[in-house]
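Here's a quick walk through a fold, worth reading with the viewer open. Rotate as you go and check each stop against the coordinates.

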Amino acid sequence: MSTHTNDIFNREFSRQYDAYSHKLAEITDNLHLLISLLLNTLPSQARVLCVGVGTGSEILRLAQQHPQWHFDGVDPSPDMLAVCHEKLADAGIAARCTLHEGYLRDLPVRGDYDAVLCLLVTHFIQHPQRDGIYTQMARQLKNDGRMITAEIAGDMQSPAFDEQLEMWKTMHEVASQAPRDKAEIKAQLSQRLLLLPPEQTENLIATAGFTLPQRFFQSLLIHGWTARKAP
Ligand SMILES: C[S@@+](CC[C@H](N)C(=O)[O-])C[C@H]1O[C@@H](n2cnc3c(N)ncnc32)[C@H](O)[C@@H]1O
């Protein structure tokens, strides 16, 4: 199983990603609002690591609210990072952001981040233990540092999943303004992603060096958790 997902996050996808996300802004704005509330108690000169930073939406939002925070972003897709870099430069915040092309496991372990964010990334790691990414996040945090993760989650074997999939299909139809086929969406979810039941992700987080994760967000299949690095 591979963690290499650059075939999805290519140049064409990267240039369209923000426009498509914007159509679902009511969902992602709520996620980002709750994240900024969770991070509100961080020090004024906090260091934040964004794993799978993509086009940098999470950095842009937090950097505007916290003018002295420093951000590191890591992502294996050079095309997503190119868009991110342009946006950070346009917003005048590039000087306090460092982007790294690659995987989290390739970064030196600092152990001094105040927070680690990993938004809409882990479902792309087609490995039942997510290839150790939660342990890698815990290692980068200072003691008691905050981890926030959001992923597409669900139990595809459960009878309830069909109804969840129907709503997921409707969401994509509204965003793309075009009819979508439920079976095709299900096939794409199975081929490109690995959805785990939410309880399985909670267990992975809890056994990776974190306190018990709190689920602070759910919108359709998108689930968000926060936990602190355990002492
Ligand atoms: C859907 S985008 C999310 C981007 C951003 N976090 C957001 O919320 O808008 C997923 C990103 O995860 C990156 N990615 C995929 N697999 C990854 C991995 N194993 N480790 C880190 N990032 C990964 C992709 O290159 C892509 O930029």
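## Arg15 and helix α1

Arg15 sits in helix α1, which covers residues 11-23. This is a predicted model, so keep that in mind throughout. With 41% relative accessibility, Arg15 counts as partly exposed. Setting aside residues up to four places away in sequence, Arg15 touches Ala82, Val83 and Glu86.

For a sense of scale, pick Arg15 and Val116 in the viewer: 101 residues separate them in sequence, and their C-alpha atoms are 25 Å apart in space.

## The sheet

How are the strands ordered in the open sheet? Going across its seven strands, you get β3-β2-β1-β4-β5-β7-β6, and the pairing is mixed. The edge positions go to β3 (97-101) and β6 (214-219); each has a single partner strand, so one side of each has no neighbour in the sheet. From one strand to the next, the twist averages 15 degrees.

A bit of background helps here: strands of a sheet pair through backbone hydrogen bonds, in either a parallel or an antiparallel sense. In this model, β5 (residues 141-152) and β7 (residues 222-228) pair in the antiparallel sense, with seven bridges. Within that pairing, Glu151 has His223 in β7 as its bridge partner. Helix α5 (residues 133-140) packs on the sheet, where it touches β1 (47-51), β4 (113-119) and β5. The direction of α5 makes about 145 degrees with that of β5.

## The β6-β7 hairpin and two positive phi values

On its other side, β7 meets β6: the two run antiparallel and are joined by five bridges. Look for Phe217, which stands opposite Gly224 in β7. The hairpin has two residues between the strands, and Leu220 there takes a positive phi near 50 degrees. Leu220 is not a glycine, and it lies in the loop between β6 and β7. Its relative accessible area is 29%, so Leu220 falls in the partly exposed class.

Gln177 also has a positive phi, near 55 degrees, and is likewise a residue other than glycine. You'll find Gln177 in the loop between α6 (161-176) and α7 (182-192). Is Gln177 buried or exposed? Its relative accessible area is 69%, over the 50% cut-off, so Gln177 is exposed.

## Where α6 meets α7

Two packed helices are described by the angle between their axes and the distance between those axes. For α6 and α7, the axes come within 10 Å and cross at roughly 100 degrees. That makes α6 roughly perpendicular to α7.

Which residues of α6 and α7 meet? From α6 come Phe161, Asp162, Leu165, Glu166, Trp168, Lys169 and His172, and from α7 come Lys182, Ile185, Lys186 and Leu189. Sorted by class, this contact has five nonpolar, one polar and five charged residues.

## Nonpolar cores

Leu189 turns up again in the largest nonpolar core, which has 45 residues. Leu39, Ile59, Leu117 and Leu189 are the members that touch the most others. Helix α6 gives the most to this core, with five residues. Beyond its neighbours within four places in sequence, Leu189 is in contact with Met156, Phe161, Leu165, Trp168, Leu194 and Leu195.

There's also a second, separate core of 24 residues. Its members include Ile125, Ile133, Ala153 and Ala227.

## Helix α3 and His66

Which residues of helix α3 (residues 57-65) are buried? They are Glu58, Ile59, Leu60, Leu62 and Ala63. Ile59 is also one of the well-connected members of the largest core, among the four that touch the most other members. The cover over the buried residues of α3 includes the helices α2 (25-38) and α4 (78-90), along with the strands β1, β2 (70-75), β3 and β4.

His66 follows in the loop between α3 and β2. At 13% relative accessible area, which is under the 20% cut-off, His66 counts as buried. Neighbours within four places in sequence aside, His66 is in contact with Asn40 and Arg96.

Notes: Residues numbered from 1 in each chain as written. Predicted model: local features only at pLDDT ≥ 70, side-chain atom pairs only at ≥ 80, totals over all residues. Heavy atoms only, no water. Pairing = 2+ DSSP bridges. Helix = DSSP H or I, 4+ residues; strand = E, 2+ residues; numbered from the N terminus. Axes fitted to C-alpha atoms, helices over the stretch in contact; angles between N-to-C directions. Contact = heavy atoms within 4.5 Å. Buried < 20%, exposed > 50% of the residue type's maximum accessible area, 1.4 Å probe, protein only. Parallel < 35°, antiparallel > 145°, perpendicular 65-115°, else oblique. Nonpolar A, V, L, I, M, F, W, Y, C, P; charged D, E, K, R; others polar. Core = buried A, V, L, I, M, F, W, Y, C linked by side-chain atoms within 4.5 Å.
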